[in-house]
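Hello,

Here is the structure I promised to pass on. Please open it first, then read my notes below.

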Amino acid sequence: MRATVDRAGLDPQGRLPKVQIRRVRKGDLAKVRDVMEQTFGDFLERQLGTRPRQAFGGAQYVHHRWLMEPWGCFVAEEDSSKIVGAVLAVTWGTVGVLGPVAVLTNYHNQTIGQQLIRAAQDFFDENKATLHGCVTYPTSPKHLYLYHKFGYRPKHLTAIMSRAIDRGPARVSTMAKAGVKTPVTARRFSTLEEAKKKAALVRIHRITNAVYRGMDLAKEIEIVDGLALGDTLLLERGRDVIGFAICHSPGVSEAPAGSLYVKFLAIDPPQKKPEHLEQFVTIIEGLGQELGVQRVILPVYARYWTAYNVLIQCGYQIDFTMIRMQRGKQEDYEDPSDLVLDDWR
């Protein structure tokens with residue numbers, strides 16, 4: 001569904017509109033990326049004392065997310081000429097994922113961020129998302145309070161973890177060394193015929209629906225496939241798909257330079273054996289070796305405690321943490337034993 005009308009913003013004194021919130025157009029994409037980079041660069045400089053060369057380490061978010069969900073991307077425009085803020089929002093079926101949200105530093109404290117979030121919330125409501133979520137910096141009271149205003153509750157930490165790729169033969173999982181013999185293999189979504197891709201998406205939807213009712217990652221998989229941002233690995237046992245991982249490779253994707261990044265991974269809840277996840281991680285590392293990257297980046301939400309422990313056993317270490325915030329359904333849907341790796345950035 002599509003939003004009804006664009007809305008104009010007010011300055012803090014309630015004077016006539018100077019900033020208008022409208023949807024992103026194709027010609028805005030380069031400027032939106034600049035606003036994101038500058039805003040987060042300023043923030044990280046204040047936090048760290050030095051400015052990073054790239055705010056996101058080379059990861060890119062704007063172009064493919066706009067192509068995937070153009071009706072969920074908004075800008076704040078001053079005097080119909082200068083873009084001073086932006087927000088990206090996507091829906092995974094019944095789950096709405098908010099962010100990044102960026103407002104140029106000189107335009108802070110003018111309610112622009114609130115207006116952008118409100119536009120994204122309207123988009124979620126129109127698409128009947130039952131759970132809305134985002135991640136933010138756990139050490140930033142300003143960010144936490146901003147999302148709190150819209151009913152987002154802080155939950156658990158998301159750990160962005162990584163491991164250097166071993167050179168030489170692929171790492172053998174400890175489960176395999178212990179004699180666990182589960183016949184699983186992996187296939188690349190990009191190698192499937194169109195009819196088989198559709199069948200695979202149906203099976204994947206059954207998996208995500210079992211994790212959270214109505215969750216659907218089809219758009220994420222199709223944009224990665226269509227724009228060659230990476231690939232989706234299908235974990236198979238026999239003829240059955242028991243898991244999948246959406247992988248971004250460096251270039252114009254969400255993967256930082258030199259890294260293979262997993263945006264979302266899930267193993268079918270009835271098949272959630274820790275050895276399946278460990279074997280899947282080994283397969284992903286093998287893909288990283290093929291691509292010649294230096295690291296594999298895996299995000300894990302701390303409530304998925306079993307998955308977190310598996311990554312620790314696989315030698316992954318925490319690079320940094322974000323805090324997940326949620327609104328909508330009040331009960332926590334996450335089962336700590338589910339084998340899910342997801343990133344709501």
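Asn109 counts as exposed, because its relative accessibility is 64% and the cut-off for exposed is over 50%. Look for Asn109 in the loop between β5 and α3, the helix of residues 112-126. Its phi is near 60°, a positive value in a residue other than glycine. One thing to keep in mind throughout: this is a predicted model.

Backbone points

Most residues other than glycine have a negative phi, and most peptide bonds are trans. A few places here depart from that pattern. Asn109 is one, with its positive phi. Ser80 is another, with phi near 55°. Ser80 lies in the loop between β3 (73-78) and β4. Is Ser80 buried or exposed? Ser80 is exposed, since its relative accessible area is 58% and exposed means over 50%. Ala228 also has a positive phi, about 55°, and comes just after α7. Then there is the peptide bond from Gly99 to Pro100, which is cis, with omega near 0°. Pro100 belongs to strand β5, residues 95-103.

Overall picture

The protein chain has 345 residues, and 55% of them count as buried. It holds nine helices and 14 strands. Now take the contacts in the chain with a separation of 6 or more. Residues 24 or more positions apart account for 71% of them.

The core

How many residues are in the largest nonpolar core? It has 112. Those with the most contacts inside it are Met36, Trp92, Leu98, Phe244, Phe264, Leu265 and Ile284. Strand β4, residues 82-92, gives the most to this core, with eight residues.

Start with Met36 if you want a way in. Leaving out residues up to four places away in sequence, Met36 touches Phe56, Val62, Ala86, Val87, Leu88, Pro100 and Ala102. Pro100 in that list is the residue that follows the cis bond from Gly99. Val87 turns up again with Arg23: the two are 64 residues apart in sequence, yet 9.6 Å apart in space, C-alpha to C-alpha.

Two buried arginines

Arg23 lies in strand β2, residues 19-23. Arg23 counts as buried because its relative accessibility is 11%, and the cut-off for buried is under 20%.

Arg324 sits in strand β13, residues 317-328. Arg324 is buried too, with a relative accessible area of 0%. What is Arg324 in contact with, leaving aside its neighbours within four places in sequence? The list is Cys134, Val135, Arg153, Pro154, Lys155, His156, Thr158, Tyr301, Tyr333, Glu334, Asp342 and Trp344.

Helix pairs

Two packed helices are described by the angle between their axes and the distance between the axes. I looked at two pairs.

First, α6 and α7. They pack at an angle of about 145°, with their axes 10 Å apart. Their crossing is right-handed. On the α6 side, the contact is made by Lys197, Leu201 and Ile204; on the α7 side, by Ala218, Ile221, Glu222 and Asp225. By class, that gives four nonpolar, no polar and three charged residues.

Helix α7 spans residues 218-226, and Ala218, Glu220, Ile221, Ile223 and Val224 are buried in it. What do the buried residues of α7 pack against? The helices are α2 (62-68) and α6 (194-211). The strands are β4, β9 (230-237), β10 (240-248) and β11 (259-267).

Second, α8 and α9. Helix α8 covers residues 274-291 and helix α9 covers residues 305-313. Their axes come within 10 Å and cross at roughly 45°. They are therefore oblique to each other. This crossing is right-handed. Helix α8 supplies Pro274, Leu277, Glu278 and Val281 to the contact, and helix α9 supplies Thr306, Ala307, Val310 and Leu311. By class, there are six nonpolar, one polar and one charged residues.

Where to look

For a short tour, begin at Met36, one of the core residues with the most contacts. Move on to the cis bond from Gly99 to Pro100. Then go to Arg324 in β13. Finish with the contact of α8 and α9.

Best wishes

Notes:
Residues numbered from 1 in each chain as written. Predicted model: local features only at pLDDT ≥ 70, side-chain atom pairs only at ≥ 80, totals over all residues. Heavy atoms only, no water. Axes fitted to C-alpha atoms, helices over the stretch in contact; angles between N-to-C directions. Helix = DSSP H or I, 4+ residues; strand = E, 2+ residues; numbered from the N terminus. Parallel < 35°, antiparallel > 145°, perpendicular 65-115°, else oblique. Left-handed = near helix turned anticlockwise from the far one by under 90°. Contact = heavy atoms within 4.5 Å. Nonpolar A, V, L, I, M, F, W, Y, C, P; charged D, E, K, R; others polar. Core = buried A, V, L, I, M, F, W, Y, C linked by side-chain atoms within 4.5 Å. Buried < 20%, exposed > 50% of the residue type's maximum accessible area, 1.4 Å probe, protein only.
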